[in-house]
Each structure stands twice: as C-alpha cells, then as structure tokens.
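User: I would like a close look at one part of this model: how its strands are arranged, and what lies around them. Please explain it step by step, for someone in the first year of study.

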Amino acid sequence: MKLLVRNLARTTTQDEILSLFSAHGKVDECSLVLDKETGQSKGFAFVEMNNTDDAQKALKSLHHATVANNKIRVKLAQD
C-alpha cells in the first residue's frame, strides 16, 4: 500500500519519516520528494508498506499528527 504524506516541514528528513512510519510496521520504501535545483524538500513524501493492516494503522494514527510543528496529512497515493 502506497501512502502520500503531505504538509511536511521543509526540515523533516527521510529518516524521520521512516522512523515515524516504522513504529506501525515494516516500511518497504520511503522517499522524500526533493526539488531538483535546490535539493531541498518539497514538503511531501511517499511511504510504501506491503502489510495493508499496518499501512491502515499508520494512516489512521498519523493523519493530522503534528510533526516538527506541522500537522501532516496522510492518505492513499494515486497511481
């Protein structure tokens, strides 16, 4: 299951996102989207978890959670 994580602080790292979601199960892939020119975060990321139950738990638990003073939004990613 692929999740879209939005409204991340520009200072949030990929490792922090991985740690956040790993608390709910095994994360297969985590990719923070970076601006090609500046190399800085664009404020969103994708997280993939093969176990649907774990992904649903993470989605419910982390949607509207506060991370680095930002209220993040988590939803299913569109292919």
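Analyst: A residue counts as buried when its relative accessible area is under 20%, as exposed when that area is over 50%, and as partly exposed in between. His64 has a relative accessibility of 43%, so it counts as partly exposed. The same scale will serve throughout this account, which concerns a predicted model.

The sheet itself comes first. Four strands form an open sheet, and their order across it is β2-β3-β1-β6. The pairing in this sheet is antiparallel. β2 and β6 stand at the edges; each has a single partner strand, and therefore one side of each has no neighbour in the sheet. From one strand to the next, the twist averages 20°.

The pairings may now be followed across the sheet. β2 and β3 are joined in the antiparallel sense over five bridges, and within this pair Leu34 stands opposite Ser41 of β3. These two strands form a hairpin with six residues between them, in which Gly39 takes a positive phi near 80°. β3 is also paired with β1, in the antiparallel sense and over four bridges. Here Lys2 stands opposite Glu48 of β3, and Leu3 has Val47 of β3 as its bridge partner. On the way to the other edge, β1 and β6 (residues 73-76) pair in the antiparallel sense over four bridges. In this pairing the bridge partner of Leu4 is Lys75 of β6, while Arg6 stands opposite Arg73 of β6.

Two helices pack on this sheet. α1 touches β1, β2, β3 and β6, and its direction makes about 145° with that of β2. α2 touches β1 and β6, and its direction makes about 150° with that of β6.

Strands and helices also contribute to a nonpolar core. The largest such core has 19 residues, and those with the most contacts inside it are Ile17, Phe21, Val47, Met49, Ile72 and Val74. The elements that give two or more residues to this core are β1 (2-6), α1 (14-22), β2 (29-34), β3 (41-48) and α2 (52-62). α2 gives the most, with four residues. Val47 shows how this core is connected to its surroundings: leaving out residues up to four places away in sequence, Val47 touches Met1, Lys2, Leu3, Val5, Ile17, Phe21, Val27, Glu29 and Cys30. Leu3, one of these contacts, is also the residue whose bridge partner in β3 is Val47.

β3 holds a further feature of interest, formed by two rings. Phe44 and Phe46 form an aromatic pair in the edge-to-face arrangement, with 6.0 Å from centre to centre and 85° between the planes. By the rule applied here, the count for the model comes to one aromatic pair. Phe44 has a relative accessible area of 27%, so it is partly exposed. Phe46, at 24%, is likewise partly exposed because its value falls between 20% and 50%. The charged end of Lys2 sits over the ring of Phe46, at 4.9 Å from its centre. Lys2 thus appears in two places in this account, since it also stands opposite Glu48 in β3.

Finally, the loops deserve attention. Thr12 lies in the loop between β1 and α1. Its relative accessibility is 5%, which is under 20%, so Thr12 counts as buried. Apart from neighbours within four places in sequence, Thr12 is in contact with Ile17, Leu32, Val67 and Ala68. Ile17 is also listed among the residues with the most contacts inside the largest nonpolar core.

Two other loop residues are notable for their backbone angles. Most residues other than glycine have a negative phi. His64, in the loop between α2 and β4 (66-67), has a positive phi near 70°. Asn69, in the loop between β4 and β5 (70-71), also has a positive phi, of about 65°, although it is not a glycine. The accessibility of Asn69 is 76%, which is over 50%, so Asn69 counts as exposed, whereas His64 at 43% counts as partly exposed.

Definitions and conventions
Residues numbered from 1 in each chain as written. Predicted model: local features only at pLDDT ≥ 70, side-chain atom pairs only at ≥ 80, totals over all residues. Heavy atoms only, no water. Core = buried A, V, L, I, M, F, W, Y, C linked by side-chain atoms within 4.5 Å. Buried < 20%, exposed > 50% of the residue type's maximum accessible area, 1.4 Å probe, protein only. Contact = heavy atoms within 4.5 Å. Pairing = 2+ DSSP bridges. Phe/Tyr/Trp six-rings, centres within 6.5 Å; stacked < 30°, edge-to-face > 60°. Lys NZ or Arg CZ within 6 Å of the ring centre and 35° of its normal. Axes fitted to C-alpha atoms, helices over the stretch in contact; angles between N-to-C directions.
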